[in-house]
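Here are my notes on this model, kept short. Please read them with the structure open beside you.

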Amino acid sequence: MVKIMTPYKLFEQLKSHYGPQHWWPAETSFEVIVGAVLTQNTNWKNVEKAIDNLKKDNVLSPEKVLEKSSGRLKKLIRPSGFYNAKESTLRRLTMFVYNNNIKRMPTEKLRKKLIEIKGVGPETADSILLYAYRRPVFVIDAYTKRLIKRLRLTDKKTYSELQDFFQSSLPEDTDLYAEFHALIVEHCKSICKKVPQCENCFMKDDCPESLS
DNA sequence: CACCAGGAATGTA
DNA sequence: TACATTCATGGT
């Protein structure tokens with residue numbers, strides 16, 4: 001008989017092991033949005049440099065972003081990479097939040113509108129929905145996929161399938177989703193540090209390590 | 001020097 | 001659906 005690890009059991013284990021997380025590391029909802037775009041396939045360290053540049057120039061509001069020229073903006077976000085694409089994505093996204101009453105928009109409609117924006121995919125949209133606007137939407141990222149595979153929580157693969165898997169297994173709770181995702185990231189980042197000589201192998205498919 | 005990071009768009013089979 | 005490629009900087 002095979003023992004199945006349920007999503008909620010996993011959450012409880014992670015929470016008891018790592019304790020409360022503080023996510024998303026941002027002071028305002030707009031800063032969450034900026035970070036969500038800049039962190040696309042990019043190390044968070046590099047995103048911090050870019051956000052620091054924006055802070056120094058006081059560009060962390062929709063108005064200031066829209067005032068900046070494309071060239072200036074690209075220069076500021078340069079450390080986060082893909083600056084050509086990210087600059088235009090950030091500008092489109094900023095236009096959207098500037099021109100719409102986001103708080104009054106139903107979650108499903110908002111998600112659809114966000115994904116319609118070029119450069120905003122499901123993960124970026126869901127990160128914004130969850131961490132900037134506190135909507136109960138489960139975020140699936142590269143860490144989550146690896147952990148699912150490692151623990152064999154499910155054999156589903158596509159983004160929406162995995163999202164459905166979590167959302168249908170868990171109560172619809174923004175704080176739970178926010179904390180869960182943060183814990184998954186923390187776990188994936190820290191697990192290799194405990195293994196001597198581990199060359200960040202958890203990030204690879206043949207890593208023998210799993211939850212204790 | 002090679003490899004990869006809190007993705008998305010585009011193209012191919 | 002399932003992969004492959006491109007975008008780009010900075011850390012290891």
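1. **Domain spacing.** The C-alpha centres of domain 1 and domain 2 are 24 Å apart. Keep in mind that this is a predicted model. Domain 1 of chain A is made of two stretches, 7–22 and 139–201. Domain 2 covers 29–132.

2. **Where the domains touch.** How many residues of domain 1 are in contact with domain 2? Seven are, and they meet six residues of domain 2. On the domain 1 side, helix α11 (residues 174–190) gives the largest share, with three residues. That side of domain 1 has five nonpolar residues, one polar residue and one charged residue.

3. **Overall fold.** Chain A has 11 helices and zero strands. Reading from the N terminus, you meet α elements from start to end. Chain A has 212 residues, and 27% of them count as buried. Now take contacts in chain A between residues at least 6 apart in sequence: 62% of these join residues at least 24 apart.

4. **Helix α1.** This helix runs over residues 7–18 and has 12 residues. From first C-alpha to last, α1 reaches 16 Å. That is close to the 16 Å expected at 1.5 Å a residue. What follows α1? Gly-19 does, and its phi is positive, near 75 degrees.

5. **DNA strand B.** This strand is surrounded by 23 residues. The closest are Gln-40, Asn-41, Gly-121, Glu-123 and Thr-124. Two elements give two or more residues each to the surface near DNA strand B: α8 (122–132) and α9 (142–151). Which of them gives the most? It is α8, with four residues. By class, the surface near DNA strand B holds 10 nonpolar, 10 polar and three charged residues.

6. **DNA strand C.** Around this strand there are 14 residues. Pro-79, Gly-81, Phe-82, Asn-84 and Ala-85 are the closest. Both α3 (44–56) and α6 (83–99) supply at least two residues of the surface near DNA strand C. The largest share is from α6, with three residues. Here the classes come to four nonpolar, seven polar and three charged residues.

7. **What to look at again.** Find α11 on the side of domain 1 that touches domain 2. Then find α8 at the surface near DNA strand B. Finish with α6 at the surface near DNA strand C.

Technical notes:
Residues numbered from 1 in each chain as written. Chains lettered and ligands numbered in written order. Predicted model: local features only at pLDDT ≥ 70, side-chain atom pairs only at ≥ 80, totals over all residues. Domains from an automatic or database assignment. Contact = placed C-beta atoms within 7 Å. Nonpolar A, V, L, I, M, F, W, Y, C, P; charged D, E, K, R; others polar. Near = placed C-beta within 6 Å. Buried ≥ 20, exposed ≤ 12 C-beta atoms within 10 Å, placed from the backbone. Expected span 1.5 Å × (residues − 1).
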